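Please walk through the structure below with attention to its pockets and to the way its helices pack.

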Amino acid sequence: RVHGEYISKNIQLYSMRNGYELSPHAIANFTRRNMADFLRSRTPYQVNCVLGGVDKSSSRPAVYYLDYLGCLSQQPFAVQGYGSNFLYGLLDRHHRADITKEEALQLLNMCMKELKIRFAIS
């Protein structure tokens, strides 16, 4: 949480100083560089991140996965945590680049149903 707040505030500061907002790609690379710098310090952050956003200039969505070693990769979708073991197969099978909003909501419901079956959650 602390690292997320640090990144968020630095991105806001950059926007105020320069008069424009960063793209999701630029934010992901800023976060990656920051993670890599902290990895080599005495207080490393050991956190995996899923970063996402919509590029205002192209109106295209972007999802990035950043691991605790500072390795950044753009992905069509991303899942993190205990449920990722169950959901990656489902998303890999049903996700398409041209998915509609309704189909995406159906896929989300499928994911939630799978998690309810696999975990004792309500």
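Strand β2 is the main contributor to the lining of the largest pocket, giving 5 residues. The model is a predicted one, and this pocket holds about 440 Å³ of space. In total, 19 residues line the largest pocket, and those nearest its centre are R60, P61, A62, V63 and Q74. Besides β2 (60-66), the elements that supply two or more residues to this lining are α2, β1 (49-55) and β3 (72-75). By class, the lining of the largest pocket comprises 8 nonpolar, 8 polar and 3 charged residues.

The second largest pocket has a volume of about 280 Å³. Its lining is made by 14 residues, with L91, A104, L105, L107 and L108 lying nearest the centre. Two or more residues of that lining come from each of α3 (84-94) and α4 (101-118). Helix α4 supplies the largest share, 8 residues. The lining of the second largest pocket has 12 nonpolar residues, along with 1 polar and 1 charged.

The helices α3 and α4 also pack against each other. Their axes come within 10 Å and cross at roughly 155 degrees. Angles over 145 degrees count as roughly antiparallel, and α3 and α4 are therefore roughly antiparallel to each other. The crossing in which α3 passes α4 is right-handed. On the α3 side, the contact is formed by F86, L87, L90, L91 and H94, and on the α4 side by L107, M110, C111, E114, L115 and R118. These contact residues fall into 8 nonpolar, 1 polar and 2 charged. Two of the names have come up before: L91 and L107 are among the residues nearest the centre of the second largest pocket, and both take part in the contact of α3 with α4.

A further helix pair is found earlier in the sequence. Helix α1 spans residues 2-18 and helix α2 spans residues 24-39; they pack at an angle of about 130 degrees, with their axes 11 Å apart. That angle makes α1 oblique to α2. Here too the crossing is right-handed, with α1 passing α2. In the contact, H3, Y6, I7, N10 and I11 of α1 meet I27, F30, T31, N34, M35 and F38 of α2. The residues of this contact divide into 7 nonpolar and 4 polar, with no charged residue. Helix α2 thus appears in two settings: it packs with α1, and it gives two or more residues to the lining of the largest pocket.

The overall layout can now be set out. The protein has 4 helices and 3 strands. Along the sequence, these elements follow the pattern α-α-β-β-β-α-α. In that order, the pair α1 and α2 comes ahead of the strands, and the pair α3 and α4 comes after them. Taken along the principal axes, the C-alpha atoms of the protein fill a box of roughly 45 × 35 × 25 Å.

Notes:
Residues are numbered from 1 along each chain as its sequence is written. This is a predicted model: local features need pLDDT of at least 70, side-chain atom pairs count only at pLDDT 80 or more; totals for chains, interfaces and linings use all residues. Side-chain values use heavy atoms; hydrogens and water are left out. Axes are lines fitted to C-alpha atoms, for helices over the stretch in contact, and angles run from 0 to 180 degrees between N-to-C directions. Angles under 35 degrees count as roughly parallel, over 145 as roughly antiparallel, 65 to 115 as roughly perpendicular and the rest as oblique. A crossing is left-handed if the near helix is turned anticlockwise from the far one by less than a right angle, and right-handed if clockwise. Contact means heavy atoms within 4.5 Å. Ala, Val, Leu, Ile, Met, Phe, Trp, Tyr, Cys and Pro count as nonpolar, Asp, Glu, Lys and Arg as charged, and the others, Gly among them, as polar. On a 1 Å grid over the protein atoms alone, a cavity is a set of points where a 1.4 Å probe fits but cannot get out, and a pocket is an open set with protein on both sides within 12 Å along at least five of seven lines; lining residues have an atom within 4 Å of a point. Grid points are joined across faces, edges and corners, and a volume is the space filled by probe spheres set on the points.
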